[in-house]
Amino acid sequence: MTQSSRGGDRAALACATIIRNRTLAALTGPPSAAVIQQMVEEIHSCCPQQSLFKCRRLAHGWTVEEAIEHFHALCDREGIKRRGLTERSWREWEAGARPDRDYTDLLCRLFETGPVQLGFANDYTPEGLRAVPSAPPAFDLITVAADEAGAHAEEAEASELGAGALERLRTQVIWVGKRYVAEAPLPLFVEMRELQERTRKALDKRIHPGQARELYFLTGALCGLMANVSMDMDRRIPADTLARAAWTYGKVAGHVALMGWARGMQSSVALW
């Protein structure tokens, strides 16, 4: 199979999946033969390079292997001797080859339709005498994709972290940083650790990318403050670990200043 045909297969499968999911969602039971025919026409309209026979399989939502299994099950139900149907033969029919009369009859039974609808025969009935099929609803893959993207964007817009909650976290980090120069280090370390736990939990919520960047920065800033406190209490190894964590959070947040400060803190730890 060439690269081009594989790409066509993927596009046809994607198109058929959208059509089938949309059609079945509007039903309360299994699709009727008329509904299947409607899906076949929509799929073929979307992917005219695909054969009607292949579109019929896609409308049923079957893989080639599953279609062959259904074919053998039909033979068993009808009390007919199983045929030696292979995947290669099935794919050749989908590519445009026509099966013999015996296989054509069985395939028409399987799909509950006629050879014309499977693309294995031509209809020579004069135009004026043909039954006019009801026009299937117009299918526009671009419109469907746009609708799906719009719905996802609306869902992504909803954040579980309100602006007020993020502002409170930001204010508390600033305040604990200002108090660091005047208050006892150990109680502040405990408070910083609790505050950092809150910023980490906030990162587990459904949040906007901008909120995530600020939360990573706040978490990294708290790591830096805790590294300073650790140095004040002569705990150099934990201070180095916290400084490295501050650098990592700064990198994730894209905050160059925090990254630079963290490297300076690591240098100070190494010096002492």
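How much area does the protein expose, and what share of it do carbon and sulfur atoms supply? The exposed area comes to about 16300 Å², with carbon and sulfur atoms supplying 56% of it. Keep in mind that this is a predicted model.

**View 1. An overview of the protein, built with 12 helices and 0 strands.** Walk along the sequence and the pattern reads α-α-α-α-α-α-α-α-α-α-α-α. Of the 272 residues in the protein, 36% are buried. Take the contacts with a separation of 6 or more: 57% of them join residues 24 or more positions apart.

**View 2. The largest nonpolar core, a set of 28 residues.** V176, M192, L215 and L222 have the most contacts inside this core. At least two core residues come from each of α8 (163-179), α9 (185-203), α10 (209-232), α11 (236-253) and α12 (256-271). The top contributor is α10, which gives 10 residues. As background, nonpolar side chains tend to be buried together in soluble globular proteins.

**View 3. A close-up on L222, one of the residues with the most contacts inside the largest core.** Set aside the neighbours within four places in sequence, and L222 is in contact with V173, V176, M192, L195, Q196 and T199. Two of these names should look familiar from View 2: V176 and M192 are also on the list of residues with the most contacts inside that core.

**View 4. Another core, which lies apart from the largest one.** This core has 20 residues. Among them are F53, W62, L74 and I80, so look for those side chains when you find your way around this view.

How values were computed
Residues are numbered from 1 along each chain as its sequence is written. This is a predicted model: local features need pLDDT of at least 70, side-chain atom pairs count only at pLDDT 80 or more; totals for chains, interfaces and linings use all residues. Side-chain values use heavy atoms; hydrogens and water are left out. A nonpolar core is a set of buried Ala, Val, Leu, Ile, Met, Phe, Trp, Tyr and Cys residues joined through side-chain atoms within 4.5 Å. Buried means under 20% relative accessible area, exposed over 50%, partly exposed in between (1.4 Å probe, protein chains only). Helices (H or I, at least four residues) and strands (E, at least two) are DSSP runs, numbered from the N terminus. Contact means heavy atoms within 4.5 Å. Accessible areas come from the Shrake-Rupley method with a 1.4 Å probe; for residues, only the protein chains shown count as cover.
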